[in-house]
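Here are a few exercises to work through with the structure open beside you. Try each task yourself before you read the solution.

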Amino acid sequence: MERRNFIKNTLLGLVGLAVLPKVAFSKTYLTIAQAQKILFKNEKLTPFPVTLTEEQADSIEDAIDIRVRHLKMNTWRTESGDWFFVDQVIGKHENIELAVSMSKNGNVKGIEVLTYRESYGDEIMHPKWRAQFHGKNSSEFLKLDKQIKNISGATLSCRHVTDGINRLNETWQQVLRLL
Amino acid sequence: MDKNNLHRCKTLLGTFVEIELSGDVSEGDLITLSEQLFDEIERIHQLMSFHDEDSELSALNRLALNGNAKQVVLSKDLEYVLQFASELNRLTQGLYDITIAPSLIRSNQLPNHLSVDVDSIDDIHKLGSGADFTCENGTFSTDKRLCIDLGGIAKGYAVDCAMDKVPADIYCCINAGGDLAMNQWKNQKMTLRYAKRANALKTVKMQNRALATSGNYYRGNQSAIIKPSTKRQVKFSGSMSVFSSKVMVSDALTKAMILSSKSQRMMLAKYYNAQAIKLNRLGFVKLFY
């Protein structure tokens, strides 16, 4: 019986892959420059690239049990020492790019969603898929997506964004605070 | 002046809240307006969040669970929402019930920071229901111990409150996790999602200024729809969408319609001048209006 189910599911899966068009819902809200304007008004931001070491990433992961996917952080700072991050969060059903502003004391001041994309697991392994984030070449993949203006469906939880913010808080606590 | 557009998304009300604005004003003015709208949504969130231990709802729940909820003075917003929930409870003979929080706590869909006793279904049956409280002249009273969750209505009310602040000459669409309102809705199209898979989408024309959709497809094996008589989850596939003039009404009606019979659905749609679209998991449509 198990074998029969296995064969049935495999066949259905293969048919599904061959027949169904692959569409993913995506939305782009703000550009990085717009988010900076909203979060920092007219304050001048200077790029301040930070790369975590493997040990730092492991230590952050151990402290909060949330995976650190990228060692290289997209970070900016103002003259007064406040932080601006562009970060990527991968959830169960979604792939989100966030802009976060943080005061120099490590308090999160504002969060903006820059892009929201649905994901179905496999495509996040694709290097091109990941390259679209961090302000890179997003046009290539957005063209492939079905652009839908407004969508109404079951409520999605934003828990993964909260996890992402916790990860940034811990990164500040362990690494950025000392810079 | 040229037409400017602004499209922002923030995490509020436990979900993603999108605001789209467009009008003949400067981008700076649109940003200021969007800030006001997000602030208004956050204000309602702080009043009605079950998760937030400091919200007005949590304070009311603490009193109601201790059996001390007599003539509790409510804010205007909470009074309005509770009165509407009470009216819909009467109209659906108890099918729409905001006191199902204990069942949601039992299935780990809500946190138990109020320490409600939910070890068995019998414990939950001992608590009061949506018909056991009164909400009059700005005060809340109940004789029974009960626990309220406004997860099925507060998002809609928050969108309504924000929408009231938008000037008529600015196009605005606010979408709070599927509960949305649009001020210039005529001839606009809307996509409804009825299952988790990428192509489970159906495009329909907007029928009214507000729309809400409920479905279970992101919840795995769980369901947030609880049948009040059994206090257990109701599993259903597909989605239920309701158009009406207020998002709060649409939001609450989706839950009531899922639990109702066909004739009750017709009656509710007629009473609230709403149009309901039920999509099954394959995308077949049933209309109720």
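**Exercise 1.** Find which residue is the bridge partner of Ala181(B) in S10(B), then place the two strands in their sheet.

*Solution.* Keep in mind that this is a predicted model.
- Step 1: go to Ala181(B) and look across to S10(B); the partner there is Ala210(B).
- Step 2: zoom out to the strands. Strand S7 of chain B covers residues 179–182, strand S10 of chain B covers residues 210–215, and two bridges join them in an antiparallel pairing.
- Step 3: zoom out again. S7 and S10 sit within an open sheet of eight strands in chain B, ordered S1-S2-S6-S7-S10-S13-S14-S15, with antiparallel pairing.
- Step 4: check the ends. Strands S1 (4–12) and S15 (285–288) of chain B are the edges, as each pairs on one side only. Going from one strand to the next, the twist averages 15°.

**Exercise 2.** Describe how domain 1 and domain 2 of chain B meet.

*Solution.*
- Step 1: mark the bounds. Domain 1 of chain B runs over 56–142 and domain 2 over 185–289.
- Step 2: get the spacing. Taken over C-alpha atoms, the centres of these two domains of chain B are 23 Å apart. Domain 1 puts 20 residues into the contact, and domain 2 puts in 25 residues.
- Step 3: size up the interface. About 2,000 Å² is buried between the two domains of chain B, and carbon and sulfur atoms give 66% of that. On the domain 1 side, Phe84(B), Leu91(B) and Leu95(B) lose the most area, together 29% of what that side buries.
- Step 4: count the polar links. Between the domains of chain B there are zero salt bridges, but six residue pairs are in polar contact.
- Step 5: name the elements. On the domain 1 side, helices H3 (76–91), H4 (101–106) and H5 (121–126) of chain B each give two or more residues. The largest share, six residues, comes from H3(B).

**Exercise 3.** Work out how Arg159(A) and Asp163(A) are placed in helix H6 of chain A, and what links them.

*Solution.*
- Step 1: recall the principle. Oppositely charged side chains can pair when their charged atoms come close.
- Step 2: check the distance. The closest N and O atoms of Arg159(A) and Asp163(A) are 4.0 Å apart, and the pair forms a salt bridge.
- Step 3: look at the backbone. Both residues lie in helix H6 (residues 159–174) of chain A, and because they are four residues apart, about one helical turn separates them.
- Step 4: put the pair in context. Over all chains, the structure holds 14 salt bridges.

Note on methods
Residues numbered from 1 in each chain as written. Chains lettered and ligands numbered in written order. Predicted model: local features only at pLDDT ≥ 70, side-chain atom pairs only at ≥ 80, totals over all residues. Heavy atoms only, no water. Pairing = 2+ DSSP bridges. Axes fitted to C-alpha atoms, helices over the stretch in contact; angles between N-to-C directions. Domains from an automatic or database assignment. Contact = heavy atoms within 4.5 Å. Buried area = accessible area lost by both parts, 1.4 Å probe. Salt bridge = Lys/Arg side-chain N within 4 Å of Asp/Glu carboxyl O. Polar contact = N/O pair within 3.5 Å; in protein donor to acceptor, adjacent residues only side chain to side chain.
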